[in-house]
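Pull up the model, keep the sequence beside it, and let's walk through a few spots together. We'll go from cysteines to a single arginine and then to some helix packing.

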Amino acid sequence: MYTKNSKIYIQYNIITAFISITLLILIYEGWILFLKNNQICIKTLRIIDIIEILIFIAIVSILIFISGGYLSNYKFLFLFIIITSTIQFGMKCGTYVSAIGSIFILGVDILSMLLNTVNKYFETDLILSGVFVLTSWLLGYYVKVENEYREQLADLVNKDELTGVYNHRFFQDSLTRGIAQCKKENSTIALLFIDIDHFKYYNDLYGHQKGDYVLREIGCILKNNIRDKDIVARYGGEEFAVILPRTSEGEAFLVGERIRSKIEEYEFEGEEHLPNGKLTVSIGVSYFPEKSKNKEELINSADDALYRAKFFNKNRVEIYYSILEELKGDIEDKHIDLISSIKTLISVINAKDRYTYGHTERVVIYCDLLADKLGLSEEEKKILRYGAYLHDIGKIHIPQELLNKKMPLTNDEWNILKKHSENGVEIIKTVDSLKNVIPLILHHHEKYDGTGYPNGLKGDKIPYLTRILTVADSFDAMTSNRPYKSRKSYNEAIEELKKYSSIQFDSAIVDAFIEVININKHVFEKVR
């Protein structure tokens, strides 16, 4: 039968336990709310986790002290901290917590003995300490096995089976999370797109098994030459991607250059029979937020940079650049968003028709050199450069199957294609700073004898800068492979320019352009 004092003691313990547990829950809920409402980095989170465990240990220790010390019935509460910490952080953390709990309860028992108090609970607490340690070991082992199993499942879901790097889906998810994190932290994220040069040639030469071997080896090289925080994935086919969190453009370029040189130095079987005698990669670099506003723009800009690297003689690293960036200093603030939209449209055109991408880049180069030869002013050079970059923007309205058709176009299809110059004007006409570029976009298919389109302008009625663009545009069209016709050689194209001088082209501009071609032929060969 309980005495009155023992009943009071039991009631006191119950009330104390209730208040302590309630306080513990309130502190925990407040702690979770604080973490949700604050942007905490991963390193800080680890420190917070340690503090959280120590707070719980302190609360349980205080509860044991105020509920009788070595006589307390709440020593078992350490078991809950051991279980939760082991499940959350693994065996090592659980062992530390069990050691702290064991030392505490046994220390209280030893302290009571030193005070000449008879302690009949020491043996029980010794067993309880053993239970603490055994729980952390057994549960920790189970957690370890469970984590390994989850990692194996994650690998099956997230890893590319052939190369061992992450797959396309994991890449997309990681990039989405990375950009969201950048927005929270006001930081940057860089992206590398990597494509194997002449890989189709290698596959055709040695077969797909050898090609798979190359993909596996490059996957290993990539994994060995990135930082712990970086993510490498197979984007598709022979193309890889590397996500570089909290990385500047310059740092991303250095990572790309290191990867490029490592692959160039690696000895692949049969690479001596490739066009350049080595198996190499081309790499495109872009980063968020300066070069892109969202995930789609980041991917498109890195892809554009990659294709720039591909036609600039391959085996190189190219940082994304758009001539439209130069416009931002010249245009009104109200048109900034439109310029960004035009950049997006150009990326879409590039994705629809890779000929247009390489063609535009080369026409810009031709126009720059020809502008110097003709002694144009800086303002005229700028207008010509913008016109060369934007002259095909109206192709955004042309169906992809028409742009890439391998058979000659029908009359109806040709009429649709001829509308691209007028469509291009419609896109940019609201931008006051691009007013001077409109004639180049609208009239770059006019002919010197008046038989061109859309207005049949003749001779000097065609704006001078437009006549320059027409020569550069036509020369590159003649010397490029199209789905429906093969390219001409440089000499054949020069003869074509001479043949149609004063018919399709301004003869003075043709003469100047031929001189530019002959002087800079070595430069032009690099962009093929």
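How many disulfides does the count come to? Zero, in this predicted model. The rule asks for a pair of cysteine sulfur atoms within 2.5 Å, and by that rule the count stays at zero disulfides. While you have cysteines in mind, take a look at how two of them sit. C93 has a relative accessible area of 18%, and because buried means under 20%, C93 is buried. C220 has a relative accessible area of 36%, so it falls between the 20% and 50% cut-offs and is partly exposed.

Now for the arginine. R258 sits in helix α9, which covers residues 249-265. With a relative accessible area of 33%, R258 is partly exposed. Which residues does R258 touch, once its neighbours within four places in sequence are left aside? The answer is N225 and I226. I226 is 32 residues away from R258 in sequence, yet the C-alpha to C-alpha separation is 9.2 Å.

On to the helices. Two packed helices are described by the angle between their axes and the distance between the axes. Start with helix α19 (residues 464-478) and helix α21 (residues 507-519), whose axes come within 10 Å and cross at roughly 45 degrees. Angles from 35 to 65 degrees are neither roughly parallel nor roughly perpendicular, so α19 counts as oblique to α21. The handedness of this crossing is right-handed. On the α19 side, the contact is made by Y464, R467, I468, V471, A472 and F475, and on the α21 side by I509, V510, F513 and I517. Sort those residues by class and you get nine nonpolar, no polar and one charged. The charged one is R467, because Arg counts as charged.

Helix α19 has another partner to look at: helix α20, residues 490-499. Here the axes come within 9 Å and cross at roughly 140 degrees. Why is this pair called oblique rather than roughly antiparallel? Roughly antiparallel needs an angle over 145 degrees, so at roughly 140 degrees α19 is oblique to α20. The crossing of α19 past α20 is right-handed. In this contact V471, F475 and M478 of α19 meet Y490, A493, I494, E496 and L497 of α20. The classes come out as seven nonpolar, no polar and one charged.

Finally, pick out V471 and F475 on α19: they take part in the contact with α21, and they also meet α20.

Note on methods. Residues numbered from 1 in each chain as written. Predicted model: local features only at pLDDT ≥ 70, side-chain atom pairs only at ≥ 80, totals over all residues. Heavy atoms only, no water. Buried < 20%, exposed > 50% of the residue type's maximum accessible area, 1.4 Å probe, protein only. Axes fitted to C-alpha atoms, helices over the stretch in contact; angles between N-to-C directions. Helix = DSSP H or I, 4+ residues; strand = E, 2+ residues; numbered from the N terminus. Parallel < 35°, antiparallel > 145°, perpendicular 65-115°, else oblique. Left-handed = near helix turned anticlockwise from the far one by under 90°. Contact = heavy atoms within 4.5 Å.
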